[in-house]
Amino acid sequence: MQQSMVDALFRNFLGNAPDWYKKTIIAFLIINPLLFQLSPYMAGWALVLEFIFTLAMALKCYPLQPGGLLVIEAVFIGMTSPEHIKHEVVVNIEVLLLLIFMVAGIYFMKDLLLFLFTKLLIRLRSKVALALAFTLSSALLSAFLDALTVIAVIISVATGFYSIYHKVASGKDYHHEHDHTADESMPVPSREDLEGFRSFLRNLMMHAAIGTALGGVTTMVGEPQNLIIADKAGWNFVEFLMRMSPITLPVLIGGLLTTVFLEKFKLFSYGAQLPDTVRTILSDYSHYVDQQRTKKDTAKLYIQSLIAVWLVVGLAFHLSAVGLIGLSVIVLATAFCGVVDEHQIGKAFEEALPFTSLLCVFFAVVAVIIDQGLFTPVIEWVLTFEGKTQLVMFYLANGLLSMVSDNVFVGSVYITEVSAALKHGHITRDQFDMLAVAINTGTNLPSVATPNGQAAFLFLLTSALAPLLRLSYGRMVYMALPYTVVLTLIGLAATYFGLLEMTDWLYHMEWISHHSPTEVPHD
């Protein structure tokens with residue numbers, strides 16, 4: 001039967017996505033203009049929920065295309081403007097540079113990373129100890145590096161582990177070309193081990209992702225919104241660390257104890273063990289690589305180690321924008337490791353650029369949120385409270401909004417509103433400092449509930465690794481749930497019962513000082 005043009009167009013639309021998914025997106029595109037005529041505010045919230053739907057269905061269809069169509073339509077019907085979208089992209093240029101250059105820079109250091117983490121995986125036979133090591137190491141790294149950088153490192157390592165096992169289990173030698181995304185060539189017994197290995201890696205990836213949130217909240221360089229808040233408040237690195245510590249320290253302890261508890265009692269899909277056959281293959285591969293390593297290869301490891309030191313120092317002291325430091329990593333790693341072919345360099349950018357495009361679409365949704373004033377009623381409401389209750393309400397309001405929106409956007413909007421309240425004399429400078437802590441912790445901790453709450457989680461969800469590990473939006477939400485509950489409640493309790501008292505103690509110890517009552521935040 002000859003195919004009609006309408007049917008051909010429908011088949012081409014969003015490619016291999018399920019028909020029900022295609023029809024849902026078409027329904028969104030039809031409903032939004034009609035809803036916008038009735039209520040721009042409701043249409044704005046509808047767009048936000050629709051975009052979240054595309055993120056949730058990321059394994060059915062990459063969110064860039066459906067999300068992009070929704071945003072293009074939003075611009076045409078007047079929900080936002082191209083100028084505002086451009087402004088949001090420019091304001092977040094450091095995040096985009098980070099994605100473009102830092103993730104690519106990590107690609108050229110994968111030999112060192114794979115070497116270190118393979119040794120860790122083989123030598124730590126206790127799953128509890130290994131999970132704790134992944135959570136703690138990603139937390140420590142995220143305190144000095146951006147969380148996106150850290151999750152890019154872990155993704156690179158996990159992909160390396162997966163591809164090695166997949167290649168060997170498919171009957172090929174280490175040096176053979178192999179497509180690790182296709183399971184057809186793998187015998188049935190190996191596929192059973194593969195499922196166990198997938199579960200094992202899913203556990204480690206989620207522990208590491210949570211670790212980036214635990215560490216990212218502690219310092220001014222951990223998350224983009226931390227920098228914004230520190231700049232508004234006029235805090236340096238040490239003052240930011242001290243002011244957050246009444247909340248971040250108990251939360252860190254609670255997060256690490258949760259890791260142990262989940263692995264010990266095998267709850268929420270955790271507790272998966274590394275199959276013995278997989279451990280043997282990885283151990284044999286490590287031994288083989290050690291034997292085959294030449295002086296040239298050893299020199300590369302030394303070079304990459306020195307570059308890693310430069311990376312940590314450059315980011316810890318914020319010597320330049322994160323993305324530009326990433327560009328320097330690309331230049332140094334390729335120059336001193338002999339990677340000078342354009343096509344070899346191009347492979348490093350394949351992982352990050354689709355997500356960079358998606359993030360620009362996300363900034364367009366943020367522009368709609370601002371233009372339609374979707375968060376304004378919430379902000380005005382929480383400012384009506386006073387004292388400890390106000391701190392708690394700011395914490396909860398930031399947390400709830402960060403679950404459905406980007407925590408960078410929520411944090412920047414709230415700190416701007418609080419700055420305006422201080423300038424107009426509605427709050428004192430000490431009150432502003434307390435609210436800044438509540439805003440920072442509120443945006444960083446409860447936002448682990450969903451992948452759209454934190455850029456690092458979203459990057460993991462949309463990475464090439466996620467479909468290999470069967471790590472869907474729903475599974476991420478489910479596996480993050482115990483952490484969400486623990487981190488949110490500990491942060492909430494610390495905000496209400498300890499923040500004011502511990503801050504007074506820090507003043508008394510002269511580890512921080514009161515800012516002048518007339519001192520106002522930076523514009």
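This report walks through the cores, some helices, a surface patch and a few single residues of a predicted model.

## Ground rules

Since the model is predicted, local features need pLDDT of at least 70 and side-chain atom pairs count only at pLDDT 80 or more, while totals for chains, interfaces and linings use all residues. Residues are numbered from 1 along each chain as its sequence is written, and side-chain values use heavy atoms, with hydrogens and water left out.

## The cores

Let's start inside. The largest nonpolar core has 141 residues, and Phe161, Phe197, Tyr414 and Phe459 have the most contacts inside it. (A nonpolar core is a set of buried Ala, Val, Leu, Ile, Met, Phe, Trp, Tyr and Cys residues joined through side-chain atoms within 4.5 Å; buried means under 20% relative accessible area, exposed over 50%, and partly exposed in between, with a 1.4 Å probe and protein chains only.) Helix 9 (residues 147-169) gives the largest share of this core, 14 residues. Helices here are DSSP runs of H or I with at least four residues, numbered from the N terminus.

A second, separate core has 13 residues, including Tyr21, Leu47, Leu70 and Met79. Back in the largest core, what does phenylalanine 161 contact, leaving aside neighbours within four places in sequence? The list is Leu114, Phe117, Thr118, Leu121, Phe197, Leu201 and Leu282, where contact means heavy atoms within 4.5 Å.

## Helices 4 and 8

Helix 4 (residues 64-77) has 14 residues that should span 20 Å at 1.5 Å a residue, and its end C-alpha atoms are indeed 20 Å apart. The expected span is 1.5 Å times one less than the number of residues. Its buried residues are Pro66, Gly67, Gly68, Leu70, Val71, Glu73 and Ala74. They pack against helix 2 (19-38), helix 3 (40-56), helix 5 (82-91) and helix 17 (352-371). Just after helix 4, glycine 78 takes a positive phi of about 95 degrees.

Helix 8 (residues 127-144) tells a similar story on length: 18 residues, reaching 26 Å from first C-alpha to last, close to the expected 26 Å. Its buried residues include Lys127, Phe134, Thr135 and Ser142.

## A nonpolar patch outside

On the surface, Val309, Trp310, Val313, Phe317, Leu319, Leu332 and Phe336 make a nonpolar patch of about 690 Å². Patches use residues with over 30% relative accessible area and no salt bridge, joining like charges within 9 Å and nonpolar side chains (Val, Leu, Ile, Met, Phe, Trp, Tyr) within 5 Å. Areas come from the Shrake-Rupley method with a 1.4 Å probe, and for residues only the protein chains shown count as cover; a salt bridge is a side-chain nitrogen of Lys or Arg within 4 Å of a carboxyl oxygen of Asp or Glu.

Helix 14 (295-316) and helix 15 (322-337) each supply at least two of the patch residues, with helix 14 giving the largest share, 3 residues. Leucine 319 sits in the loop between these two helices and counts as exposed because its relative accessibility is 53%.

## Single residues to look at

Leucine 14, in the loop between helix 1 (5-12) and helix 2, has a positive phi near 60 degrees. Is leucine 14 buried or exposed? At 15% relative accessibility, it counts as buried. Serine 269 has a positive phi too, near 75 degrees; its place is the loop between helix 12 (237-265) and helix 13 (276-292), and it is partly exposed at 41%.

Glutamate 88 belongs to helix 5 and is buried, with a relative accessible area of 9%. Not counting residues up to four places away in sequence, glutamate 88 touches Phe363, Val366, Ala367 and Ile370.
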